[in-house]
Amino acid sequence: MKKILFITLLFSSFSIFSQSYTISGQISNAENKTIYLLNSAKVEIDSTLIRNNSFTFKGKLSEPNVHYLKVKDFKSISTILLDNSHINLIADAENMRSAKISGSKLMEENSAFREGLQDYYDMLNDSFDKAMEAMNNNDSINSVKYENQNVYYSKLINDSTESYISKNPNSFISLLQLKDKIEVFPLNISKKLFENFSNELKNHTIGKDIHYRLYVFPNTVNIGNLAPEIEGFNVNNKLIKLSDFKGKYVLLDFWASWCAPCRKEIPLLKKLYKKYNQKGFEILSYSLDTKNEDLIKALKKENFQWQNVSDLKGFEGKIAKKYNITFIPRNFIISPEGKILEINKHDEELKNLLIDIFNE
């Protein structure tokens, strides 16, 4: 096991922030193609032609952030942590994800952090693949075995990430990691880590978003409040709304075809739907898939009896953002009046809740 590497920064990541940035590089297999620079929302902010396998972008940023590079007519995207410095990139247009990037202190720090966790991620990916294989083969024993391994390796990753953030409160990498783990860490831990950040990080766009999610959002999408409206299209291109089910108890279930725990829960949901549907119980599934073919394949295999909608934008979709979905499975139990009754009830907790609701 590689030793987890923690870099204790002696100064803020922002202290190296100069006046402008330059991104230059060499891209093979893309002569005379257009390369796009995308912001953190993957919106194009600049473009240029690749000539003699080379390109250059220049500009200024008010703060460092995640950006992306994409070559026209190619699907692969390269992720860069961009600040006002010089970055050099070497890549193949067909595999931008594996680009070699140099010159960026932020990228170097992020690489060191990721390398420290790589063994854990490798083992997690292996156990995840085996859990999916066991589930597809209806092998319940190995399915449970590898699901338990998933939990174990995930905990190792989360604990190591928490430790890194705690030891590096001035690091932009810590800010990114807290953003990703904010729903995974207990609320009190997330707040403690955030409060330890420098003012520069707290006032960053991402820092302000984290503040909203920690101190404002819990008072909006929470138990006792009205559930925000959901609109989406099902596989038949019919518009489905959460408000269509007003007057019934609704289980709003966020899932995806690639999510093994989500798929594992579907047989129970089928039983509960069959038992309580005629008594006023509905399920509305919202898929966080990004590929329609994967979603269609899963829906056919699982044979849902209830509505499923999706915008095929994954965690970046409008609805996922509205409900602050950063991990799945995640669900909300909604009253006939449209208020949130419970959040994240699964297995026996969900079964017992429905028994109480329908007085059984």
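Good morning. I begin with strand β5, residues 65-71, which is mostly covered, with six of its seven residues buried. Please keep in mind that this is a predicted model.

What does β5 pair with? On one side there is strand β2, residues 34-38, joined to β5 by four bridges, and the two strands run antiparallel. Within that pairing, I35 has V71 of β5 as its bridge partner. The other pairing of β5 is with strand β6, residues 77-82, again in the antiparallel sense, and here there are six bridges. Two partners may help you to follow the register on the screen: V66 is bridged to L81 of β6, and L69 is bridged to S78 of β6.

The hairpin formed by β5 and β6 has five residues between the strands, and D73 takes a positive phi there, near 75 degrees.

Let me now place these strands in their sheet. In what order do the four strands of the open sheet stand? The order is β3-β2-β5-β6, and the pairing is antiparallel. The edges are occupied by β3, residues 44-49, and β6; each has a single partner strand, so one side of each is left without a neighbour in the sheet. Neighbouring strands of this sheet are turned against each other by 25 degrees on average, with direction ignored. As a general reminder, strands of a sheet pair through backbone hydrogen bonds, in either a parallel or an antiparallel manner.

From the sheet I move to a loop residue that touches β6. S104 lies in the loop between β8, residues 100-102, and helix α1. Is S104 buried or exposed? Its relative accessible area is 1%, and S104 is therefore counted as buried. Leaving aside residues up to four places away in sequence, S104 touches L81, H86 and I87. L81 is the residue we met a moment ago as the bridge partner of V66.

Helix α1 itself, residues 105-136, brings me to the helix packing. The axes of α1 and helix α7, residues 260-276, come within 10 Å and cross at roughly 25 degrees. Angles under 35 degrees count as roughly parallel, and α1 is therefore described as roughly parallel to α7. The crossing of the two helices is left-handed. Which residues make the contact? From α1 they are F128, M132 and M135, and from α7 they are A260, R263 and K264. By class, the residues of this contact divide into four nonpolar, no polar and two charged.

I turn next to some backbone details in the loops. N29, in the loop between β1, residues 21-28, and β2, has a phi near 65 degrees, a positive value in a residue other than glycine. N237 likewise is not a glycine, and its phi is positive at about 60 degrees. This residue lies in the loop between β9, residues 231-233, and β10, residues 239-241. Is N237 buried or exposed? Its relative accessibility is 58%, so N237 counts as exposed.

My last item is a peptide bond. I328 and P329 are joined by a cis peptide bond, with omega about 5 degrees. P329 is found in the loop between α9, residues 318-322, and β14, residues 330-334.

To review the main points: β5 has six of its seven residues buried, the open sheet follows the order β3-β2-β5-β6, and α1 is roughly parallel to α7. Thank you for your attention.

Terms used: Residues numbered from 1 in each chain as written. Predicted model: local features only at pLDDT ≥ 70, side-chain atom pairs only at ≥ 80, totals over all residues. Heavy atoms only, no water. Axes fitted to C-alpha atoms, helices over the stretch in contact; angles between N-to-C directions. Parallel < 35°, antiparallel > 145°, perpendicular 65-115°, else oblique. Left-handed = near helix turned anticlockwise from the far one by under 90°. Contact = heavy atoms within 4.5 Å. Nonpolar A, V, L, I, M, F, W, Y, C, P; charged D, E, K, R; others polar. Buried < 20%, exposed > 50% of the residue type's maximum accessible area, 1.4 Å probe, protein only. Pairing = 2+ DSSP bridges.
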